[in-house]
Amino acid sequence: MKFRDYHVHLEQGPYTIEWIKRFMEEGKKRGIAEIGFSEHGHRFVQAKGLYRSPGFRGQWTTGEAVQNIEEYIEIVEKAKSMGFPVKLGIEMDYIPECEAEIRGFLREYPFDYVLGSIHWIGDFGFDNPEMLDEWNSCDVDETYLKYFDILLRAVESGMFDCIAHPDVIKVFGHRAMGDMSRIYELVAKAMKKMGIFAEVNTAGLRKPAGEMYPSPLMMEYFAAYKVPVMINSDAHRPEDVGRDFDKAIDFVKHYGYESEGVSLTQPENRYVFKG
Ligand SMILES: [Zn+2]
Ligand SMILES: [Zn+2]
């Protein structure tokens, strides 16, 4: 069986064929036969305005927006033309007040697919190590609810093919005390209705959270509503491509999922509920 990994970041290296090759070579060792690159939207000068805020979000993303998106598209297209099995994706934040402009931005470029992410609750970049102290002064349950409220709106916006790391709010190990079942159910229901994938992202295993995104409880609701899932690594370096896919496959199978199985010769990362 060959796999594909559709959540891979090139950002720690240059936009060159050599750098892309490193990801392909490392992936190959784990049976990854196709890679989808999904640079963060905030990396691009063209997306700067989509994160605007007079506070920390505006400040931080302005410092990060150093790449020209045309160069990113060009290098991935070049790799394609050389016969590399790659796709052009993007990991785009959903910022509620900028929805219309984000939609316009996504339409402007020839992405093969779009991962939707929540990394910001207003100016609180909750997964940013620079903001870790902020967690000490906030109510964890309330923060979870705010996060999932934005996530629900992202799902309903219809702009995304897949919601990345659906419970990344737990990244540093902060756990809600209250029962989140109701909100997980709403999210699963909305995803099913909109026909979008939930990501099973193995990066959580490499973070203080210590488990994949989503949690077992959230996964139960995805299974109950038959939400299709997509297994990805969220690699930021070549060595992480396809990492822990074996664990992720066992995880989704445990909930009654099986490979979409379009063809045994095609690389796969999509799993559907078969009960
Ligand atoms: Zn992310
Ligand atoms: Zn990512």
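**A nine-stranded sheet and its helices**

In this predicted model, strand β1 runs alongside strand β2, which covers residues 32–40, and the two pair in the parallel sense over four bridges. Within this pairing, R4 stands opposite E34 in β2. As a general background to such pairings, strands of a sheet are joined through backbone hydrogen bonds, and they may pair either parallel or antiparallel.

Looking outward from this pair, the reader can follow an open sheet of nine strands, whose order is β1-β2-β3-β4-β5-β6-β7-β9-β8 and whose pairing is mixed. The edge strands of this sheet are β1, spanning residues 3–8, and β8, spanning residues 257–259, and each of them pairs on one side only.

Helices can now be added to the picture, beginning with one that meets the sheet. Helix α3, made of residues 69–81, lies across β2 and β3, and it runs at about 155° to β3, the strand of residues 86–93.

A further contact is found between two helices, α6 (residues 181–194) and α7 (residues 216–224), whose axes come within 9 Å and cross at roughly 40°. Because angles from 35 to 65 degrees are neither roughly parallel nor roughly perpendicular, α6 is oblique to α7. The crossing in which α6 passes α7 is right-handed. On the α6 side, the residues that take part are S181, Y184, E185 and A188, and in α7 they meet L217, M218, Y221, F222 and A224. Sorted by character, the residues of this contact between α6 and α7 divide into seven nonpolar, one polar and one charged.

Key. Residues are numbered from 1 along each chain as its sequence is written. Chains are lettered from A and ligands numbered from 1 in the order in which they are written. This is a predicted model: local features need pLDDT of at least 70, side-chain atom pairs count only at pLDDT 80 or more; totals for chains, interfaces and linings use all residues. Two strands pair if DSSP finds at least two bridges between them. Two residues are in contact if their C-beta atoms, placed from the backbone, lie within 7 Å. Axes are lines fitted to C-alpha atoms, for helices over the stretch in contact, and angles run from 0 to 180 degrees between N-to-C directions. Angles under 35 degrees count as roughly parallel, over 145 as roughly antiparallel, 65 to 115 as roughly perpendicular and the rest as oblique. A crossing is left-handed if the near helix is turned anticlockwise from the far one by less than a right angle, and right-handed if clockwise. Ala, Val, Leu, Ile, Met, Phe, Trp, Tyr, Cys and Pro count as nonpolar, Asp, Glu, Lys and Arg as charged, and the others, Gly among them, as polar.
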